[in-house]
Amino acid sequence: MRIGLFAPISNPFGTREYITTIGLGAEERGFHELWIAEHVVLFDEYASRYPYADDGRVPAPAEAGFLDPFDIISFLAALTTRIRLGTGICLVPQRNPVYTAKEVTSVDWLSNGRFDFGVGVGWLAEEFQAVATPFEERGARTRAYLEVMKRLWCDPVSSYEGRFYSLAPTRQYPKPIQQPHPPIYFGGESDAAIRRVADIGQGWYPFNMEPTPLGERIAALDRELAKRGRSRQDVSIVTCPYMKPCDLDAVKRYRDLGVEQVIILLMAFSADDVPRVLDELAESMVVPAAAL
(Lines give C-alpha, C1' and ligand atoms only; values in the text may rest on other atoms or scores of the structure.)
Protein backbone atom coordinates (compact mmCIF):
# COMPACT_ATOMS: atom_id res chain seq x y z
CA MET A 1 0.00 0.00 0.00
CA ARG A 2 1.37 3.38 -1.01
CA ILE A 3 1.34 6.58 1.03
CA GLY A 4 1.55 9.99 -0.63
CA LEU A 5 1.50 13.59 0.60
CA PHE A 6 -0.87 16.43 -0.22
CA ALA A 7 1.19 19.62 0.10
CA PRO A 8 -0.79 22.88 -0.22
CA ILE A 9 2.32 25.05 -0.61
CA SER A 10 1.32 28.62 0.08
CA ASN A 11 2.26 32.01 1.48
CA PRO A 12 4.13 32.75 3.71
CA PHE A 13 5.79 29.40 4.45
CA GLY A 14 6.13 28.09 0.86
CA THR A 15 9.75 29.13 0.56
CA ARG A 16 12.53 27.57 -1.49
CA GLU A 17 13.91 25.99 1.69
CA TYR A 18 10.49 24.63 2.65
CA ILE A 19 9.85 23.03 -0.75
CA THR A 20 13.37 21.60 -0.89
CA THR A 21 12.99 20.06 2.56
CA ILE A 22 9.65 18.48 1.60
CA GLY A 23 10.89 17.08 -1.71
CA LEU A 24 14.13 15.58 -0.48
CA GLY A 25 12.64 14.45 2.83
CA ALA A 26 9.58 12.77 1.31
CA GLU A 27 11.69 10.88 -1.24
CA GLU A 28 14.22 9.79 1.38
CA ARG A 29 11.48 8.45 3.65
CA GLY A 30 9.73 6.41 0.96
CA PHE A 31 6.60 8.42 0.23
CA HIS A 32 5.19 7.43 -3.14
CA GLU A 33 4.02 10.81 -4.44
CA LEU A 34 3.70 14.53 -3.76
CA TRP A 35 0.42 16.16 -4.85
CA ILE A 36 0.37 19.95 -5.26
CA ALA A 37 -2.73 22.17 -4.99
CA GLU A 38 -3.84 25.03 -7.24
CA HIS A 39 -5.69 28.32 -6.82
CA VAL A 40 -4.48 31.33 -8.76
CA VAL A 41 -6.34 33.79 -6.49
CA LEU A 42 -8.29 33.70 -3.23
CA PHE A 43 -10.84 36.13 -1.81
CA ASP A 44 -11.73 37.84 1.45
CA GLU A 45 -15.41 37.49 0.63
CA TYR A 46 -17.02 34.98 -1.72
CA ALA A 47 -20.46 33.49 -2.23
CA SER A 48 -19.23 30.12 -3.52
CA ARG A 49 -19.29 27.24 -1.06
CA TYR A 50 -16.12 25.25 -0.40
CA PRO A 51 -17.27 21.60 -0.58
CA TYR A 52 -14.84 20.18 1.99
CA ALA A 53 -15.77 22.25 5.06
CA ASP A 54 -19.05 22.33 6.96
CA ASP A 55 -19.09 26.12 6.97
CA GLY A 56 -18.32 26.32 3.24
CA ARG A 57 -15.17 28.35 3.80
CA VAL A 58 -11.59 27.56 2.78
CA PRO A 59 -9.67 26.88 6.03
CA ALA A 60 -7.05 29.53 5.25
CA PRO A 61 -6.98 33.34 4.93
CA ALA A 62 -7.03 34.97 1.50
CA GLU A 63 -3.37 35.96 1.97
CA ALA A 64 -2.41 32.27 2.00
CA GLY A 65 -2.00 32.21 -1.77
CA PHE A 66 -0.70 29.09 -3.49
CA LEU A 67 2.42 28.99 -5.62
CA ASP A 68 1.85 27.75 -9.18
CA PRO A 69 1.71 23.93 -9.16
CA PHE A 70 3.65 23.42 -12.38
CA ASP A 71 6.48 25.64 -11.16
CA ILE A 72 6.62 23.72 -7.88
CA ILE A 73 6.60 20.38 -9.69
CA SER A 74 9.37 21.51 -12.04
CA PHE A 75 11.42 22.54 -9.01
CA LEU A 76 10.75 19.21 -7.29
CA ALA A 77 11.60 17.29 -10.45
CA ALA A 78 15.08 18.84 -10.38
CA LEU A 79 15.58 17.88 -6.72
CA THR A 80 14.34 14.28 -6.83
CA THR A 81 14.76 11.12 -8.88
CA ARG A 82 12.14 8.62 -7.70
CA ILE A 83 9.06 10.15 -6.07
CA ARG A 84 6.08 10.79 -8.35
CA LEU A 85 4.65 14.28 -8.67
CA GLY A 86 1.04 15.25 -9.31
CA THR A 87 -1.35 18.17 -9.52
CA GLY A 88 -3.96 17.74 -6.85
CA ILE A 89 -5.75 19.28 -8.60
CA CYS A 90 -5.26 21.44 -11.71
CA LEU A 91 -8.25 23.68 -12.48
CA VAL A 92 -8.47 22.80 -16.16
CA PRO A 93 -11.51 24.85 -17.28
CA GLN A 94 -9.90 28.09 -16.01
CA ARG A 95 -6.78 27.58 -18.15
CA ASN A 96 -5.85 27.84 -21.82
CA PRO A 97 -5.62 24.19 -22.93
CA VAL A 98 -2.72 24.70 -25.35
CA TYR A 99 -0.54 26.27 -22.67
CA THR A 100 -1.63 23.66 -20.12
CA ALA A 101 -0.76 20.84 -22.54
CA LYS A 102 2.72 22.35 -22.92
CA GLU A 103 3.14 22.65 -19.13
CA VAL A 104 2.09 19.03 -18.62
CA THR A 105 4.55 17.81 -21.24
CA SER A 106 7.32 19.97 -19.81
CA VAL A 107 7.00 18.60 -16.27
CA ASP A 108 6.66 15.07 -17.63
CA TRP A 109 9.98 15.56 -19.45
CA LEU A 110 11.72 17.24 -16.53
CA SER A 111 10.60 14.52 -14.12
CA ASN A 112 11.51 11.73 -16.57
CA GLY A 113 7.93 10.49 -16.70
CA ARG A 114 7.03 10.82 -13.01
CA PHE A 115 4.03 13.12 -13.45
CA ASP A 116 0.32 12.42 -12.78
CA PHE A 117 -2.18 14.96 -14.12
CA GLY A 118 -4.83 15.46 -11.44
CA VAL A 119 -7.63 17.64 -12.81
CA GLY A 120 -10.88 19.14 -11.60
CA VAL A 121 -13.70 21.40 -12.72
CA GLY A 122 -13.43 23.87 -9.84
CA TRP A 123 -15.91 25.22 -7.28
CA LEU A 124 -14.94 28.88 -6.79
CA ALA A 125 -17.03 30.96 -9.20
CA GLU A 126 -15.23 34.14 -8.21
CA GLU A 127 -11.93 32.66 -9.38
CA PHE A 128 -13.40 31.91 -12.79
CA GLN A 129 -14.59 35.51 -12.98
CA ALA A 130 -11.10 36.75 -12.13
CA VAL A 131 -9.63 34.86 -15.11
CA ALA A 132 -12.50 35.86 -17.44
CA THR A 133 -13.83 32.32 -17.91
CA PRO A 134 -17.49 31.24 -17.62
CA PHE A 135 -18.28 29.20 -14.52
CA GLU A 136 -21.30 27.61 -16.19
CA GLU A 137 -20.77 24.36 -18.13
CA ARG A 138 -17.31 23.99 -16.65
CA GLY A 139 -17.66 20.21 -16.71
CA ALA A 140 -18.26 20.17 -20.46
CA ARG A 141 -15.49 22.72 -20.93
CA THR A 142 -13.12 20.47 -19.00
CA ARG A 143 -13.86 17.54 -21.29
CA ALA A 144 -13.31 19.69 -24.39
CA TYR A 145 -10.05 21.15 -23.09
CA LEU A 146 -8.74 17.69 -22.19
CA GLU A 147 -9.53 16.50 -25.72
CA VAL A 148 -7.55 19.45 -27.10
CA MET A 149 -4.64 18.49 -24.83
CA LYS A 150 -4.75 14.83 -25.80
CA ARG A 151 -4.57 15.74 -29.48
CA LEU A 152 -1.57 17.96 -28.78
CA TRP A 153 0.09 15.18 -26.83
CA CYS A 154 -0.68 12.36 -29.24
CA ASP A 155 -1.14 13.60 -32.82
CA PRO A 156 1.73 14.63 -35.12
CA VAL A 157 -0.50 17.43 -36.42
CA SER A 158 -3.12 18.48 -33.90
CA SER A 159 -6.47 20.15 -34.53
CA TYR A 160 -9.82 20.50 -32.77
CA GLU A 161 -13.14 22.14 -33.49
CA GLY A 162 -15.85 22.38 -30.86
CA ARG A 163 -18.19 24.65 -28.95
CA PHE A 164 -15.59 25.62 -26.35
CA TYR A 165 -12.41 25.73 -28.41
CA SER A 166 -11.06 25.85 -31.93
CA LEU A 167 -7.54 24.75 -32.78
CA ALA A 168 -6.28 25.02 -36.34
CA PRO A 169 -3.82 22.34 -37.53
CA THR A 170 -0.67 22.86 -35.50
CA ARG A 171 2.32 21.00 -34.10
CA GLN A 172 3.25 20.89 -30.43
CA TYR A 173 6.48 19.13 -29.56
CA PRO A 174 8.00 17.39 -27.75
CA LYS A 175 5.41 14.77 -26.90
CA PRO A 176 5.18 13.49 -23.30
CA ILE A 177 7.55 10.78 -22.12
CA GLN A 178 4.62 8.77 -20.72
CA GLN A 179 2.63 7.36 -23.61
CA PRO A 180 0.09 8.10 -24.84
CA HIS A 181 0.14 10.85 -22.18
CA PRO A 182 0.49 11.24 -18.39
CA PRO A 183 -2.35 9.57 -16.48
CA ILE A 184 -5.39 11.80 -15.97
CA TYR A 185 -6.86 11.64 -12.46
CA PHE A 186 -10.23 13.33 -11.97
CA GLY A 187 -11.03 14.93 -8.66
CA GLY A 188 -14.57 15.21 -7.33
CA GLU A 189 -17.06 12.86 -5.73
CA SER A 190 -20.34 13.77 -7.47
CA ASP A 191 -22.18 11.61 -9.98
CA ALA A 192 -20.89 13.87 -12.76
CA ALA A 193 -17.31 13.48 -11.54
CA ILE A 194 -17.67 9.70 -11.47
CA ARG A 195 -19.02 9.72 -15.01
CA ARG A 196 -15.98 11.70 -16.13
CA VAL A 197 -13.69 9.09 -14.56
CA ALA A 198 -15.60 6.25 -16.20
CA ASP A 199 -15.63 7.94 -19.59
CA ILE A 200 -12.04 9.14 -20.00
CA GLY A 201 -10.10 8.87 -16.74
CA GLN A 202 -7.11 6.74 -15.92
CA GLY A 203 -7.52 7.58 -12.25
CA TRP A 204 -9.86 8.97 -9.60
CA TYR A 205 -8.84 11.31 -6.76
CA PRO A 206 -11.71 11.47 -4.21
CA PHE A 207 -11.17 13.90 -1.35
CA ASN A 208 -12.17 14.19 2.31
CA MET A 209 -14.00 10.86 2.47
CA GLU A 210 -13.78 8.18 5.13
CA PRO A 211 -13.75 4.52 4.01
CA THR A 212 -17.48 3.73 4.39
CA PRO A 213 -18.87 6.57 2.23
CA LEU A 214 -15.99 6.16 -0.19
CA GLY A 215 -16.95 2.52 -0.62
CA GLU A 216 -20.43 3.60 -1.70
CA ARG A 217 -18.99 5.95 -4.31
CA ILE A 218 -16.59 3.26 -5.56
CA ALA A 219 -19.59 0.98 -6.09
CA ALA A 220 -21.15 3.76 -8.19
CA LEU A 221 -17.91 4.05 -10.17
CA ASP A 222 -17.93 0.30 -10.80
CA ARG A 223 -21.45 0.55 -12.22
CA GLU A 224 -20.49 3.41 -14.52
CA LEU A 225 -17.37 1.61 -15.69
CA ALA A 226 -19.37 -1.52 -16.49
CA LYS A 227 -21.78 0.50 -18.64
CA ARG A 228 -18.80 1.55 -20.76
CA GLY A 229 -17.17 -1.85 -21.02
CA ARG A 230 -14.44 -0.87 -18.59
CA SER A 231 -13.49 -2.26 -15.18
CA ARG A 232 -11.69 -1.25 -12.01
CA GLN A 233 -8.44 -2.50 -13.55
CA ASP A 234 -8.66 0.43 -15.99
CA VAL A 235 -8.70 3.06 -13.22
CA SER A 236 -6.29 3.75 -10.38
CA ILE A 237 -7.97 5.08 -7.22
CA VAL A 238 -6.03 7.38 -4.91
CA THR A 239 -7.68 9.22 -2.04
CA CYS A 240 -6.83 12.06 0.31
CA PRO A 241 -8.73 11.86 3.63
CA TYR A 242 -7.80 15.55 4.06
CA MET A 243 -9.41 16.66 7.34
CA LYS A 244 -10.86 13.23 8.13
CA PRO A 245 -9.02 11.08 10.67
CA CYS A 246 -6.64 8.57 9.13
CA ASP A 247 -4.57 5.90 10.88
CA LEU A 248 -3.15 2.56 9.77
CA ASP A 249 -6.51 0.85 10.35
CA ALA A 250 -8.17 3.34 7.99
CA VAL A 251 -5.41 2.71 5.44
CA LYS A 252 -6.23 -1.02 5.59
CA ARG A 253 -9.91 -0.25 5.02
CA TYR A 254 -9.06 1.96 2.04
CA ARG A 255 -6.86 -0.83 0.66
CA ASP A 256 -9.69 -3.34 1.00
CA LEU A 257 -11.85 -1.02 -1.13
CA GLY A 258 -9.26 -1.11 -3.92
CA VAL A 259 -7.52 2.21 -3.17
CA GLU A 260 -3.90 2.14 -4.36
CA GLN A 261 -2.57 5.23 -2.61
CA VAL A 262 -3.65 7.13 0.50
CA ILE A 263 -2.55 10.77 0.39
CA ILE A 264 -1.95 12.42 3.75
CA LEU A 265 -2.34 16.17 4.29
CA LEU A 266 1.06 17.59 5.26
CA MET A 267 0.57 19.63 8.43
CA ALA A 268 3.95 21.34 8.70
CA PHE A 269 4.21 25.11 8.47
CA SER A 270 7.93 25.78 8.35
CA ALA A 271 11.04 24.13 6.94
CA ASP A 272 12.09 23.35 10.51
CA ASP A 273 8.82 21.48 11.16
CA VAL A 274 8.97 19.32 8.04
CA PRO A 275 11.57 16.68 9.07
CA ARG A 276 9.79 15.92 12.35
CA VAL A 277 6.38 15.58 10.68
CA LEU A 278 7.78 13.41 7.87
CA ASP A 279 9.57 11.20 10.39
CA GLU A 280 6.33 10.67 12.33
CA LEU A 281 4.36 9.87 9.17
CA ALA A 282 7.06 7.55 7.85
CA GLU A 283 7.10 5.59 11.10
CA SER A 284 3.35 5.44 11.61
CA MET A 285 2.16 5.15 7.99
CA VAL A 286 4.72 4.70 5.21
CA VAL A 287 6.71 1.79 6.64
CA PRO A 288 3.80 -0.30 8.00
CA ALA A 289 1.62 0.43 4.96
CA ALA A 290 4.33 -0.92 2.63
CA ALA A 291 3.84 -4.33 4.26
CA LEU A 292 0.06 -4.43 3.76
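Helices (H or I, at least four residues) and strands (E, at least two) are DSSP runs here, numbered from the N terminus. In that numbering, alanine 132 sits in the loop between helix H4 (125–130) and H5. The model is predicted. The points below cover two pockets, three helix pairs and a few backbone details.

**Largest pocket**

- The largest pocket has a volume of about 950 Å³.
- Its lining is made of 43 residues, of which His39, Tyr50, Tyr52, Trp123 and Phe207 are the closest to the pocket centre.
- At least two lining residues come from each of strand E1 (2–7), helix H5 (138–154) and helix H6 (191–200).
- Sorted by class, the lining of the largest pocket holds 30 nonpolar, 9 polar and 4 charged residues.

**Second largest pocket**

- The second largest pocket encloses about 160 Å³ of space.
- Residues lining the second largest pocket include Glu38, His39 and Val40, along with Phe66, Leu67, Asp68 and Pro69.
- Leu91, Gln94, Arg95 and Val131 are also among the residues that line the second largest pocket.
- His39 is thus named for both pockets: among the residues closest to the centre of the largest pocket, and in the lining of the second largest pocket.
- The class count for the lining of the second largest pocket is 6 nonpolar, 2 polar and 3 charged residues.

**Helices H1 and H9**

- Helix H1 (residues 16–28) packs with helix H9 (residues 274–290) at an angle of about 25°, and their axes are 10 Å apart.
- Because angles under 35 degrees count as roughly parallel, H1 and H9 are roughly parallel to each other.
- The crossing of H1 and H9 is right-handed.
- On the H1 side the contact uses Tyr18, Thr21, Ile22, Gly25 and Ala26, and on the H9 side Val274, Pro275 and Leu278.
- The contact of H1 with H9 has 6 nonpolar, 2 polar and no charged residues.

**Helices H5 and H6**

- H5 and H6, both of which supply residues to the lining of the largest pocket, have axes that come within 11 Å and cross at roughly 20°.
- H5 and H6 are therefore roughly parallel to each other.
- H5 passes H6 in a right-handed crossing.
- Gly139, Arg143, Leu146 and Lys150 of H5 meet Arg195, Arg196, Asp199 and Ile200 of H6.
- By class, 2 nonpolar, 1 polar and 5 charged residues form the contact of H5 with H6.

**Helices H6 and H7**

- The axes of H6 and helix H7 (residues 211–227) come within 9 Å and cross at roughly 45°.
- H6 and H7 are therefore oblique to each other.
- The crossing of H6 and H7 is right-handed.
- H6 contributes Asp191, Ile194, Arg195, Val197 and Ala198 to the contact, while H7 contributes Arg217, Ala220, Leu221, Glu224 and Leu225.
- The contact of H6 with H7 counts 6 nonpolar, no polar and 4 charged residues.
- Arg195 of H6 appears both in the contact with H5 and in the contact with H7.

**Backbone details in loops**

- The peptide bond from asparagine 11 to proline 12 is cis, with omega near 0°.
- Proline 12 belongs to the loop between E1 and H1.
- Glutamine 179 and proline 180 are also joined by a cis peptide bond, where omega is about 5°.
- Proline 180 is placed in the loop between strand E7 (166–170) and strand E8 (184–187).
- Alanine 132, in the loop between H4 and H5, has phi near 60°, a positive value in a residue other than glycine.

Key. Residues are numbered from 1 along each chain as its sequence is written. This is a predicted model: local features need pLDDT of at least 70, side-chain atom pairs count only at pLDDT 80 or more; totals for chains, interfaces and linings use all residues. Side-chain values use heavy atoms; hydrogens and water are left out. On a 1 Å grid over the protein atoms alone, a cavity is a set of points where a 1.4 Å probe fits but cannot get out, and a pocket is an open set with protein on both sides within 12 Å along at least five of seven lines; lining residues have an atom within 4 Å of a point. Grid points are joined across faces, edges and corners, and a volume is the space filled by probe spheres set on the points. Ala, Val, Leu, Ile, Met, Phe, Trp, Tyr, Cys and Pro count as nonpolar, Asp, Glu, Lys and Arg as charged, and the others, Gly among them, as polar. Axes are lines fitted to C-alpha atoms, for helices over the stretch in contact, and angles run from 0 to 180 degrees between N-to-C directions. Angles under 35 degrees count as roughly parallel, over 145 as roughly antiparallel, 65 to 115 as roughly perpendicular and the rest as oblique. A crossing is left-handed if the near helix is turned anticlockwise from the far one by less than a right angle, and right-handed if clockwise. Contact means heavy atoms within 4.5 Å.
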